Amino acid sequence: MALMSQAPKPSPTTTPADLSFELVVQIASDEIFSRQDLKDLRLVCRAWDQPVASLLFRWIKISRLHKDRAAFQQIAACPHLAQHVQHLIWHELNLEFWPCKPVLDDTQFESITRLMIAAVNDPDLFWLPRDSHLSTKQKERRQHIIDTFSTQFASALSRMPKLTTFTSCPMPNSRVISYRGYPLQADLYILQDDPKLTGGNDGFFTFMLPILMGQTEPKINSLHWADERISTSLAINLKPEFSHAFSALASIDLCIGHYNEESIDALVPCLSAATTLKNLSLCFERSFERSRFVRNHRQKLMQRIFSECYWPRLTRLELVGVPLKRDEFGRFCRKHSGGLRCLMLTWCEVTIRDLTNLRGSPNLQLESITIKSDDDSGTDLTSEATVLAFINMTSSHITTADGVPFHNHTSRAQIRTVGCIYDCRAWSTASHFDSKLEGYKQAYGECDPFKTPEDEDEDSSGDEDGGSENFRKSQAKTYWDWGKFGRFDDTYYWETKDRFAHETTCWKFTNRDGVVAFGAEPLEYFSDWDADAGDVATPTPYCRELHEYSTERSKVWFANAPTDPPPGAEIYDKDSPLARGLIRWEELN
């Protein structure tokens, strides 16, 4: 029997919806994608929503701004978003530092200052009032706000099962706070602070620290901290009795701007309490200050840390702005030689003698070492492999990048493995990033290590403004108008083709199961929203302008005024639960 040839079967077509969760995450993690790109990727198909959301909501922020707190609470209220949160950043804006006094010698500056004063005292802009110059009643009100939100904050965190990291750092200087139609940058408050006032990082001490103190299980195991200003510090506000808050931490990243005797006595016991610590990063913001007072206290702090602290699980140590004393540093490294595998030393004036002192330490087998300093510091450039081979005793000497050996191991010549550029912005953003995270590069890399996902989009912490704007663009433009007719006070609305009318900002979302919601972004309510599967978005006229118009008193009626609304017009019921609920939604957004 003759065999009939069979045509090859066509290979099955793979669509974006067929890709696995992990593969979608890998694709979306590419650094070419901006935050807005990720918001767009969520809309590719239903299967991409949660994988991309796991990147979008990995970092979220909160501050004393109403807008940021509302966004935080909205994320916590949505289980499909809250499940992705791993890192909470509190953007500190300590208004207590600001003198809050108008300047009278410059008319333009005086106007800006008066606007800033009004903004500071506006409870609709800042939910947490200033803790200064308050009456007894105002202090009671502030304490009531703190007590109420502390409960809400703890409850919100309990709904974030993957949350492991707290960050407290200054609000980015470039953050724009809109008030009465005017843009106010955060640095207007930050750069005019009163150096005589103490305090700082109020969000951490008021809300985050109690959470750390009350942990029954080690949920939060990583703390990133950057002082708000160089005249105050975490170390000054710490107390030895806070040491329990550090006991469960496996990673600590501190950028400290100020230190004195009291701060040393508090900080060292707190650090010592972190018995499970694996990663430690210490950055001294005033490392370039030549003041004898600053230098002496910095050296005393490091001396006590090196001599009194012991972390049996320490694997990674990063120091920034810490001139090393080779004996103390050498003893510390030998004490932790059993686990220490990574050293990062930036602006630490590392010499050949320092490295020689590490050479031959029992059980010390480093896997990586990075030594950074400025290009113009007169240091010699060498390779990481050369330094590692020398410390791990697989080589007897260190060579420069040109292959010239350092024969004199007692040399005081400073060396570096990486060139870097001192960034004056770094002190205010240092704890925004974690050098262990993907995407971090050296100073000569393509990305700015001090730029975070939060900086790419002011509304990145859950405000879906970018996502709603994308949805809005995907819809056919519809416009609405409204008016009152005759001698009656009823407000009518109708759809119009007049492009000078009000464009739709609120839609009625009906999913394939018949569930209805109103808003500007369907993914806020339906994580599986898919128009191709039968989900429908219907434009509505609801907005603040319509509501405010409906509550205005009728104007004087003229004899020749139209008495009938246009065909198809409908009455707007300003007192309906739907109308009131949507106005409240708009206030939150």
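**Notebook: strands, helices and single residues**

I began at strand 8, where I found that Phe284 is the bridge partner of Ile256. The model I am reading is predicted.

**Entry 1. Strand 7 and its neighbours**

I traced Ile256 back to strand 7, residues 251-256. I counted six bridges between strand 7 and strand 8 (residues 279-284), and the two strands run parallel. I then looked to strand 6 (residues 222-226), which is joined to strand 7 by five bridges, again in a parallel run. One pair that I noted there sets Leu223 against Ile252 of strand 7.

Is strand 7 mostly covered or mostly open? I recorded it as mostly covered, since six of its six residues are buried. I also sorted the directions in which its residues point: Ser251, Asp253 and Cys255 go one way, while Ile252, Leu254 and Ile256 go the other way. I found buried residues in both sets, for all of those named are buried.

**Entry 2. Helix 1 against helix 3**

I next examined helix 1 (residues 21-28) and helix 3 (residues 49-56), whose axes come within 8 Å and cross at roughly 45 degrees. Angles of 35 to 65 degrees fall in the oblique class, and I therefore entered helix 1 and helix 3 as oblique to each other. I noted the crossing of helix 1 past helix 3 as right-handed.

Which residues make the contact? From helix 1 I listed Phe21, Val24, Val25 and Ala28, and from helix 3 Gln50, Pro51, Val52, Ser54 and Leu55. I classed seven residues of this contact as nonpolar and two as polar, with no charged residue.

**Entry 3. A four-stranded sheet and helix 19**

I found an open sheet of four strands in the order 19-17-18-23, with antiparallel pairing. Its edges are strand 19 (502-503) and strand 23 (570-572), each of which pairs on one side only. I looked up the link between strand 17 (residues 479-484) and strand 19 and found two bridges, with the strands running antiparallel. Trp480 stands opposite His502 of strand 19.

I then asked which helix lies across strand 17. I identified helix 19 (residues 544-551), which also lies across strand 18 (491-496), strand 19 and strand 23. Helix 19 runs at about 5 degrees to strand 17.

**Entry 4. A three-stranded sheet**

I found another open sheet, made of three strands in the order 21-20-22, with antiparallel pairing. I marked strand 21 (516-519) and strand 22 (536-540) as its edge strands, each pairing on one side only. The twist averages 25 degrees from one strand to the next. I counted five bridges from strand 20 (residues 506-510) to strand 22, and these strands run antiparallel. Among the residues concerned, Trp507 has Pro539 of strand 22 as its bridge partner.

**Entry 5. Single residues**

I looked at the loop between strand 10 (342-346) and helix 14 (352-358), where Trp347 has its place. Trp347 is not a glycine, yet I read a positive phi of about 55 degrees for it. Glu349 is in the loop between strand 10 and helix 14. I read a positive phi of about 55 degrees for Glu349, which is not a glycine either. Glu349 is partly exposed, with a relative accessible area of 40%.

Last, I placed Asp147 in helix 7 (residues 136-158). I entered Asp147 as partly exposed, at a relative accessible area of 43%. How far apart are the C-alpha atoms of Asp147 and Phe207? I noted a separation of 9.5 Å, although these residues are 60 residues apart along the chain.

Notes
Residues numbered from 1 in each chain as written. Predicted model: local features only at pLDDT ≥ 70, side-chain atom pairs only at ≥ 80, totals over all residues. Heavy atoms only, no water. Axes fitted to C-alpha atoms, helices over the stretch in contact; angles between N-to-C directions. Parallel < 35°, antiparallel > 145°, perpendicular 65-115°, else oblique. Left-handed = near helix turned anticlockwise from the far one by under 90°. Contact = heavy atoms within 4.5 Å. Nonpolar A, V, L, I, M, F, W, Y, C, P; charged D, E, K, R; others polar. Pairing = 2+ DSSP bridges. Buried < 20%, exposed > 50% of the residue type's maximum accessible area, 1.4 Å probe, protein only.
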